[in-house]
Amino acid sequence: MRTRLFFVRHGDSLHKREGVIGGPKGCRGLSDAGRQQAARLGRQITAEIGSDKTTIYSSPLPRAVQTAAAIATVSGLPSSQDCGLCTWHTPPEADGLTHAEFRRLDIEGGGIYRPWQKGNETWAEMVTRTSRTITDIAHRHRGETIILVGHAETVEISSTPWGCSRSTGPSISRCCLPR
């Protein structure tokens with residue numbers, strides 16, 4: 001009984017192109033290029049999974065939801081959202097601002113294991129949240145294939161629940177969309 005996990009970083013997004021902080025308010029989804037990337041990846045993953053029992057989960061941010069939807073459209077699979085797959089939970093006052101506007105706010109903080117900015121979660125908190133979510137989803141879908149659509153941080157954190165050892169955990173495929 002093999003559990004397979006595919007970790008997908010969302011496609012090219014409008015918030016990156018616009019230079020804004022892409023929280024729930026600032027994220028306006030995928031660019032045209034991002035939609036094309038997601039559709040292409042959907043075809044690739046669908047060919048890879050074949051007839052495996054498969055589930056798709058995504059972060060609730062529009063860029064991840066739209067990437068998961070493209071994969072779901074090609075594969076015919078349902079997609080669910082889980083905030084545990086989100087990127088940084090940014091302070092509401094930063095969401096949608098340009099990076100220059102955010103720097104002018106002069107919010108104190110920064111550094112690993114300390115708040116990145118006051119009001120934000122730390123790297124350690126994000127690793128814990130994301131790791132717990134990945135582990136919970138993997139346990140719920142033991143013996144199945146799971147496609148997890150998130151962010152660069154989601155993919156980076158993905159091996160943490162397995163002790164960073166590829167020999168002791170489930171098979172992990174990193175299917176990042178190109179930037």
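This section describes the fold, strand pairing and selected residue environments of a predicted protein model.

The secondary structure of the predicted model comprises six helices and five strands, which follow one another along the sequence in the pattern β-α-α-β-α-β-α-α-β-α-β. Of the 179 residues, 47% count as buried. Among contacts between residues at least 6 apart in sequence, 74% join residues at least 24 apart.

The mean pLDDT of the protein is 84, with 82% of the residues at 70 or more. Confidence is highest in strand β3 (residues 79-81), at a mean of 97, and lowest in strand β5 (residues 171-174), at a mean of 46. Over residues 165-179 the pLDDT stays under 50, although the model has 41 contacts beyond four places in sequence for this segment. Where pLDDT is low, the predicted coordinates should not be read in detail.

Strand β4 (residues 145-150) pairs with β2 in the parallel sense over five bridges. Parallel pairing also joins β4 to β1, here over six bridges. Within the β1 pairing, Phe6 has Ile147 of β4 as its bridge partner. Ile147 is likewise the bridge partner in β4 of Ile56, while Thr55 is bridged to Ile146. Strand β4 is mostly covered, six of its six residues being buried. Thr145, Ile147 and Val149 point one way from β4, and Ile146, Leu148 and Gly150 point the other way. In a regular strand the side chains alternate between the two faces of the sheet.

Strand β2 (residues 54-58) is largely enclosed by the rest of the structure, because five of its five residues are buried. Thr54, Ile56 and Ser58 point to one side of β2 and Thr55 and Tyr57 to the other, and all are buried. Besides the pairing with β4, β2 pairs with β3 in the parallel sense over three bridges. In β3, Ser79 is the bridge partner of Ile56. The connection from β2 to β3 runs through helix α3 (residues 62-75), and this β-α-β crossover is right-handed.

The geometry of α3 agrees with its length: at 1.5 Å a residue, its 14 residues should span 20 Å, and the end C-alpha atoms are 19 Å apart. The buried residues of this helix are Arg63, Ala64, Thr67, Ala68, Ala70, Ile71 and Ala72. The elements covering these buried residues include β1, α1, α2 (32-49), β2, β3 and β4. Gly76 follows α3 and has a positive phi, near 75 degrees.

Three loop residues were examined individually. Ser59 lies in the loop between β2 and α3 and is buried, with a relative accessible area of 0%. A polar contact of 2.9 Å links the side chain of Ser59 to the side chain of His151. Beyond its neighbours within four places in sequence, Ser59 is in contact with Ala64, Val65, Gln81, Asp82, Leu85, Cys86, Val149, Gly150 and His151. Among these contacts, Val149 and Gly150 are residues that point in opposite ways from β4, and Ala64 is one of the buried residues of α3.

Asp12 is placed in the loop between β1 (4-9) and α1 (14-18). Its relative accessibility is 17%, and Asp12 therefore counts as buried, the cut-off being under 20%. The side chain of Asp12 makes polar contacts with the side chains of two residues, Arg17 at 2.4 Å and Ser31 at 2.5 Å. When neighbours within four places in sequence are left aside, Asp12 is in contact with Arg17, Leu30, Ser31, Ala33, Gly34 and Gln37.

Gly26 occupies the loop between α1 and α2. This residue is buried, with a relative accessible area of 6%. Residues touched by Gly26, not counting those up to four places away in sequence, are His15, Val20, Ile21, Asp95 and Gly96. The C-alpha atoms of Gly26 and Leu97 are separated by 7.3 Å, although the two residues are 71 residues apart along the chain.

Conventions:
Residues numbered from 1 in each chain as written. Predicted model: local features only at pLDDT ≥ 70, side-chain atom pairs only at ≥ 80, totals over all residues. Heavy atoms only, no water. pLDDT = per-residue confidence, 0-100. Helix = DSSP H or I, 4+ residues; strand = E, 2+ residues; numbered from the N terminus. Contact = heavy atoms within 4.5 Å. Buried < 20%, exposed > 50% of the residue type's maximum accessible area, 1.4 Å probe, protein only. Pairing = 2+ DSSP bridges. Right-handed = clockwise from strand over helix to strand, strands pointing away. Polar contact = N/O pair within 3.5 Å; in protein donor to acceptor, adjacent residues only side chain to side chain. Expected span 1.5 Å × (residues − 1).
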